[in-house]
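Trainee: Please take one pocket of this structure and go through it closely, together with the helix that follows from it. Give the cut-offs as you go.

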Amino acid sequence: MAKQFRIIAADHTGITVSDLERSLAFWRDVFGFEFSHSAHQKGDMAEQITGVKNAELKLAVLKSPTGHKIELLEYLAPADRKKHVDPSTSLPSSAQSSGVASRTSLRSCDVGHAHVALIVDDLDSVLQKIAASGWKAAGKPQTLAQGPNAGKRVVYVRDPDGTTIEFMEVPN
């Protein structure tokens with residue numbers, strides 16, 4: 001019989017980005033996340049951790065006001081990785097074979113999709129700041145009518161790399 005274990009806490013949410021400095025500036029300067037640390041990883045350890053042959057990456061970790069960490073990762077290798085995305089598309093694209101990934105072709109309903117949810121105090125202000133910074137809402141904010149999040153206004157947003165962030169506004 002296997003030994004029992006328990007999850008103690010969630011440590012961080014990792015997001016692979018195309019431009020570490022651009023994403024770092026956005027999370028830090030637009031959302032006010034606190035910079036924690038950065039690293040450069042390559043060689044056998046990076047390959048073994050990620051499962052990506054010849055992996056080389058730069059990363060930066062930021063902390064939310066409640067302490068949850070966002071880990072931004074920019075891969076420098078391997079050479080055959082998808083390096084560019086087309087965040088304007090939300091449907092599968094033939095760009096996959098050209099080295100341009102259609103990141104947003106992985107829809108919220110598709111296996112492998114992930115998102116991070118952030119609680120905000122003013123969803124409309126967040127959406128205005130996001131629009132001015134080049135991000136795009138996937139839809140329109142909706143107020144949840146039932147369940148444990150009843151009353152919260154929520155919307156998914158896609159960043160310039162197509163990563164989905166859910167914003168949740170708690171009712172007054």
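Mentor: A pocket here is an open set of points on a 1 Å grid over the protein atoms alone, where a 1.4 Å probe fits with protein on both sides within 12 Å along at least five of seven lines; lining residues have an atom within 4 Å of a point. The model is predicted, so local features need pLDDT of at least 70 and side-chain atom pairs 80 or more, while totals for linings use all residues. Numbering starts from 1 along each chain, and side-chain values use heavy atoms, without hydrogens or water.

The second largest pocket holds about 230 Å³ (space filled by probe spheres on the points). Its lining consists of F31, F33, S64, P65, T66, H68, V116, A117, L118, I119, V120 and F167. By class, 9 of these are nonpolar, 3 polar and none charged. Strand β7, residues 115-120 (a DSSP E run of at least two), contributes the most, with 5 residues.

β7 also helps to cover helix α3, as do β8, β10 and β11. In α3 (residues 123-132), L123, V126, L127 and I130 are buried (under 20% relative accessible area, 1.4 Å probe). These four lie on the same side of α3 because they span an arc of only 100° around the axis, taken from the directions to the C-beta atoms. Q128 and A132, exposed (over 50%), sit on the face turned away from that buried side.

As for the ends of α3, a side-chain oxygen of D122 comes within 3.3 Å of the backbone nitrogen of D124 at its start. Just after α3, G134 has a positive phi of about 95°.

Notes: Ala, Val, Leu, Ile, Met, Phe, Trp, Tyr, Cys and Pro count as nonpolar, Asp, Glu, Lys and Arg as charged, and the others, Gly among them, as polar. Contact means heavy atoms within 4.5 Å. A polar contact is a pair of N or O atoms within 3.5 Å; within protein, one must be able to donate a hydrogen and the other to accept it, and residues adjacent in sequence count only if both atoms are side-chain atoms.
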